[in-house]
Amino acid sequence: MRPVTAPTLPERDEELIARYTRGDRSALEELFRRYRETAYSVAYRLLGNPDDALDAVQDGFIKALTHLRGFQHRCTFKTWLLRVVSNAALDVGRQRRRRDDLSATVTERAAVDGGMTPAHADPGREAEEADLRRALGQALRELPEAQRRTFVLHVDGGLSYREVSEVMGISIGTVMSRLFYARQKLKGMLATRVQA
Amino acid sequence: MTTPLPDDLPPELLAAYADGELSPRERARVEDWLAGHPEGAEFLEAQESVGPGNVELWQSVQPPAPSEAQWAEAYKGIESRANFPARPSRVGWLGSLGLVATAATVLFLVSTGAPPDRPVAPEVARPVQAPPGEPDEPPYAMAQADDVRILSLPEAAATLLLVGEHPLGNSLLTLARADEIEFHGVGSDLAGRFPEVPTDPSSTEAPMIWTPRAP
């Protein structure tokens, strides 16, 4: 008879943070693995540039961990992290606007050449998706910053309305309102590219 | 989109409806409204088509994924700057700011065992040179308990000394608690510098004393 082992539940964020504050590096690594994709997705959508997004993720993790006092477990670590990462991304974006802006085509191409992995191996499909991604990025950049951040935290960050309201310090009604108008504008800008 | 916004339903409820964020009561209200206002379907469609429920859309516009090497590099940067308790910032603080002598003469900690009514001989800390190849300074320059020997402080500064929790909120360093400290006066360091104590002695907003940088 084969021995039966109970499935191991993933360690809770609170436990990882406690281990991290005791100097356990493996806890930091696990926290990073757990949230790196979500954080990167939020940063990328706010910036439209993979390299800048990675910088924002790195900066955001460092700030989130060195200012854990501000976290104080009043929200989840994920919402705390995404708050800091999205702030870091907006800071990076403001700095970037002072530089000459490379076209999305160039930066995305450079990203792929530089090691960023396309979603799949079909070149035709990848080109279509890259085109749609650029169009979405352009449309997002045309939104007011508050609407863009609210939208990205909800859609890419996977945060609920309540969590978005905690991250941004706004009411749930304001979250609803920003999302409504952001989507109306996005739908108008993306027109027939997007179907329900 | 030329249809005017509906005026008898808060439009943002349509966003929340599309996202499944409404209570059953609010949901029923929206559904009743949609049944009587077919033109509202256009707004709902916009909310659904660029909402998180459109899985196909979001899968097709996923950001280009970083390679494992790029993730590893990013993690390395985080790890090198994370403030682990096992990696005290003492050398960086002392070496970079040159506050050594200040620390020596300004201060004392009662928890070291000196009776409060007995004069405490000043101790002189020696400058600590950062060894070659020391990593970049930590972002916050702070002293550890054994960097500082508090000899005396004015009573007015009681709420401003190194008391309470430090701003980083972890166990990177240990600050004195209020019940570990008694105040007898403030002295200058060997260079004649005094710590800068905030002018409002009743303030509880300034948890630390700031000392001048070395020239």
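**Exercise 1.** Determine whether B:L13 is buried or exposed in this predicted model.

*Solution.* Begin by counting the surroundings: 21 other C-beta atoms lie within 10 Å of B:L13. A residue counts as buried if 20 or more such atoms are found. B:L13 is therefore buried. Next, place the residue: B:L13 belongs to helix 1 of chain B, which covers residues 12–18. Finally, list its contacts. Leaving aside residues up to four places away in sequence, B:L13 touches A:M176, B:L22, B:E26 and B:V30. B:R29 stands 16 residues from B:L13 in sequence, with a C-alpha to C-alpha separation of 9.5 Å.

**Exercise 2.** Establish how the buried residues of helix 1 of chain A are arranged around the helix axis.

*Solution.* In helix 1 of chain A (residues 13–21), the buried residues are A:L16, A:I17 and A:Y20. Viewed down the axis, these residues fall within an arc of 100 degrees, so they line one face of the helix. The face turned away from this buried side carries the exposed residues A:E14 and A:E15. After the helix comes A:G23, with a positive phi near 95 degrees.

**Exercise 3.** Describe the packing of helix 2 and helix 8 of chain A.

*Solution.* The axes of helix 2 (residues 25–47) and helix 8 (residues 145–155) of chain A come within 9 Å and cross at roughly 150 degrees. Helix 2 is therefore roughly antiparallel to helix 8. Their crossing is right-handed. Helix 2 contributes A:V42, A:R45 and A:L46 to the contact, and helix 8 contributes A:R148, A:R149, A:V152 and A:L153. By class, the contact residues comprise four nonpolar, no polar and three charged.

How values were computed:
Residues numbered from 1 in each chain as written. Chains lettered and ligands numbered in written order. Predicted model: local features only at pLDDT ≥ 70, side-chain atom pairs only at ≥ 80, totals over all residues. Axes fitted to C-alpha atoms, helices over the stretch in contact; angles between N-to-C directions. Helix = DSSP H or I, 4+ residues; strand = E, 2+ residues; numbered from the N terminus. Parallel < 35°, antiparallel > 145°, perpendicular 65-115°, else oblique. Left-handed = near helix turned anticlockwise from the far one by under 90°. Contact = placed C-beta atoms within 7 Å. Nonpolar A, V, L, I, M, F, W, Y, C, P; charged D, E, K, R; others polar. Buried ≥ 20, exposed ≤ 12 C-beta atoms within 10 Å, placed from the backbone. Arc of directions from axis to C-beta.
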